[in-house]
Amino acid sequence: MRRLSLFLLLAAAALTGAAAGGPPATTPIKLSPTFYSQTCPRAERIVAEVVQSKQMQNPTTAAGVLRVFFHDCFVTGCDASVLIAPTHFAKSEKDADINHSLPGDAFDAVVRSKLALELECPGVVSCADILALASGVLVTMTGGPRFPVPLGRKDSLSSSPTAPDIELPHSNFTISRIIELFLAKNFTVQEMVALSGAHTLGFSHCQEFASRIYNYHDKAGKPLPFDPSMNPGYAKGLQDACKDYLKDPTIAAFNDIMTPGKFDNQYYVNLERGLGLLSTDQDLWSDARTKPFVQRYAGNNTVFFEDFAKAMEKLSLFGVKTGADGEIRRRCDAYNSGPTGKADAAEAA
Ligand code: HEM
């Protein structure tokens, strides 16, 4: 009898632990590439088919998904918290300024994958895993390296509208601040430089680099036609391309002007020539802490691919939730318990 009541007490403690913000109620499950081999053996294939066809219809998908994945992982871990849609009751990460430019096609790629997976094996594959798998498939599809994607992440029970602007690097940050941000999350300078190679794909809107090409002043306050670390022809081309950006904020430029749709080490080669788009890109070349890595990756695509793959695998494991720390969402943009997540879950319990 005594043993039974002790067991019940322990079971109750385990059940309430997560809702009360305590430690995970169940032993954390280790992530593994074969996590769904029994429960949804075609999961990876299904995600690959959906996102590959989406990428063929809209070639900007790959860059969008990769950025969404970074913005997910760096804010409370890779837990699909970035996918939660705001409602009348609760704001979400999507409301943060830095996330306003995340492209709809990237979210659509995840939604479509989830729909296909729910038809095949309902309630099994998490949205966080879908986003990780989609990123891997699309990096490879655009010419980049293959890297293992361990699976078994749970989806978050919360999504903060303020965390992204605090946790993510902004285009006006100094390299010191960016290094600090990455170190605080246990990523080395080398890993930061390797991950920045993701800017071999996609676009940036003019407002992100306008201060480099219009009304530029050097450190002493002297006005200059543009940031002198820029290749002059490139700077003039961007001045022309962006001239109406205040009227039309959708105007954007390729992050990698030479091979914009191809995942390769051209991004680093560009930096050596003053063809970095964001000041945070170009500064990787001028800062003594990051320059040696830029040189190494510019000179050797294989080394870049190896380091990028390792850093992406590490990023994909950052802050993941397992066991009762999260849930498998039925749809990726909403908590299972209702619009406000945690509070609802606690009430429902
Ligand atoms: C190191 C600090 C970083 C800064 C300051 C930064 C900043 C930015 C900015 C300002 C944009 C343009 C957004 C827009 O105008 O729509 C952008 C785009 C992008 N970023 Fe980063 N980023 C950083 C690191 C990363 C990392 C680590 C990844 C992924 C591993 C990444 C992936 C991307 C991609 C793929 C795009 C293009 C998105 C698209 O075309 O839709 N970035 N980034």
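His199 counts as buried, because 25 C-beta neighbours fall inside 10 Å, where 20 or more are needed for that class. The model is a predicted one. His199 is found in the loop between α8 and β1. UniProt, in an unreviewed entry, lists His199 under "binding site". Apart from its neighbours within four places in sequence, His199 is in contact with Asn255, Asp256, Tyr267 and Asp281.

A second histidine also carries a record. The unreviewed UniProt entry lists His71 for "active site". His71 lies in helix α3. With 21 C-beta neighbours inside 10 Å, His71 is buried. When neighbours within four places in sequence are set aside, the contacts of His71 are Val82, Asn99, Leu102, Pro164 and Leu168.

**Surroundings of the ligand**

There are 27 residues around the ligand, and those that come nearest are Ala63, Ser101, Ala198, Gly202 and His205. Two or more residues of this shell are given by each of α3 (61-73), α8 (189-196) and β1 (203-205). Which element gives the most to the shell around the ligand? Helix α3 does, with 5 residues. By residue type, the shell divides into 13 nonpolar, 12 polar and 2 charged residues. Both domain 1 (17-166 + 315-341) and domain 2 (171-312) contribute at least three residues each to the shell around the ligand.

**The protein as a whole**

The protein has 349 residues, of which 39% are buried. Its secondary structure comprises 15 helices and 4 strands. Of the contacts between residues at least 6 apart in sequence, 77% join residues at least 24 apart.

**Helices α8 and α13**

Helix α8, which is among the elements that give residues to the ligand shell, is mostly covered, with 6 of its 8 residues buried. These buried residues are Glu191, Met192, Val193, Ala194, Leu195 and Ser196. Their cover includes α7 (175-184), α12, α13 and α14.

Helix α13 (residues 291-299) has Phe293, Val294 and Tyr297 as its buried residues. Why are the buried residues of α13 said to line one face of the helix? Seen down the axis of α13, they fall within an arc of 100 degrees, so they line one face. The cover over the buried residues of α13 includes α8, α11 (266-272), α12 (279-286) and α14 (301-316). Helix α8 is thus listed in the cover of α13, and α13 is listed in the cover of α8.

**Loop residues**

Several loop residues can be set side by side by location and by the count of C-beta atoms around them.

| Residue | Loop | Other C-beta atoms within 10 Å | Class |
|---|---|---|---|
| Ala80 | between α3 and α4 | 29 | buried |
| Ala90 | between α3 and α4 (104-120) | 20 | buried |
| Thr142 | between α5 (127-141) and α6 (163-167) | 19 | partly exposed |
| Asn186 | between α7 and α8 | 9 | exposed |

Ala90 and Thr142 fall on either side of a cut-off. Ala90 is buried because it has 20 other C-beta atoms within 10 Å, and 20 or more is the condition for that class. Thr142, with 19 such atoms, is partly exposed.

Both residues also pair with positions far along the chain. The C-alpha atoms of Ala90 and Ser160 are separated by 9.2 Å, although the two residues are 70 residues apart along the chain. For Thr142 and Ala62, which are 80 residues apart along the chain, the C-alpha separation is 7.5 Å. Ala62 is also one of the contacts of Thr142 when neighbours within four places in sequence are left aside; the others are Leu201, Gly261, Lys262 and Phe263.

The remaining two entries concern backbone geometry. Most residues other than glycine have a negative phi. Ala80 has a positive phi, near 60 degrees, and is a residue other than glycine. Asn186 is not a glycine either, and its phi is positive at about 70 degrees. Are these two residues buried or exposed? Ala80 is buried, with 29 other C-beta atoms within 10 Å, whereas Asn186 counts as exposed because it has 9 C-beta neighbours inside 10 Å.

Technical notes. Residues are numbered from 1 along each chain as its sequence is written. This is a predicted model: local features need pLDDT of at least 70, side-chain atom pairs count only at pLDDT 80 or more; totals for chains, interfaces and linings use all residues. A residue is near a molecule or strand if its C-beta atom, placed from the backbone, lies within 6 Å of it. Ala, Val, Leu, Ile, Met, Phe, Trp, Tyr, Cys and Pro count as nonpolar, Asp, Glu, Lys and Arg as charged, and the others, Gly among them, as polar. Domain bounds come from an automatic or database domain assignment. A residue is buried if 20 or more other C-beta atoms lie within 10 Å of its own, exposed if 12 or fewer, and partly exposed in between; C-beta atoms are placed from the backbone. Two residues are in contact if their C-beta atoms, placed from the backbone, lie within 7 Å. UniProt positions are given in the numbering used here, feature names are shortened, and annotations may be inferred rather than shown by experiment. The arc is that of the directions from the helix axis to the C-beta atoms.
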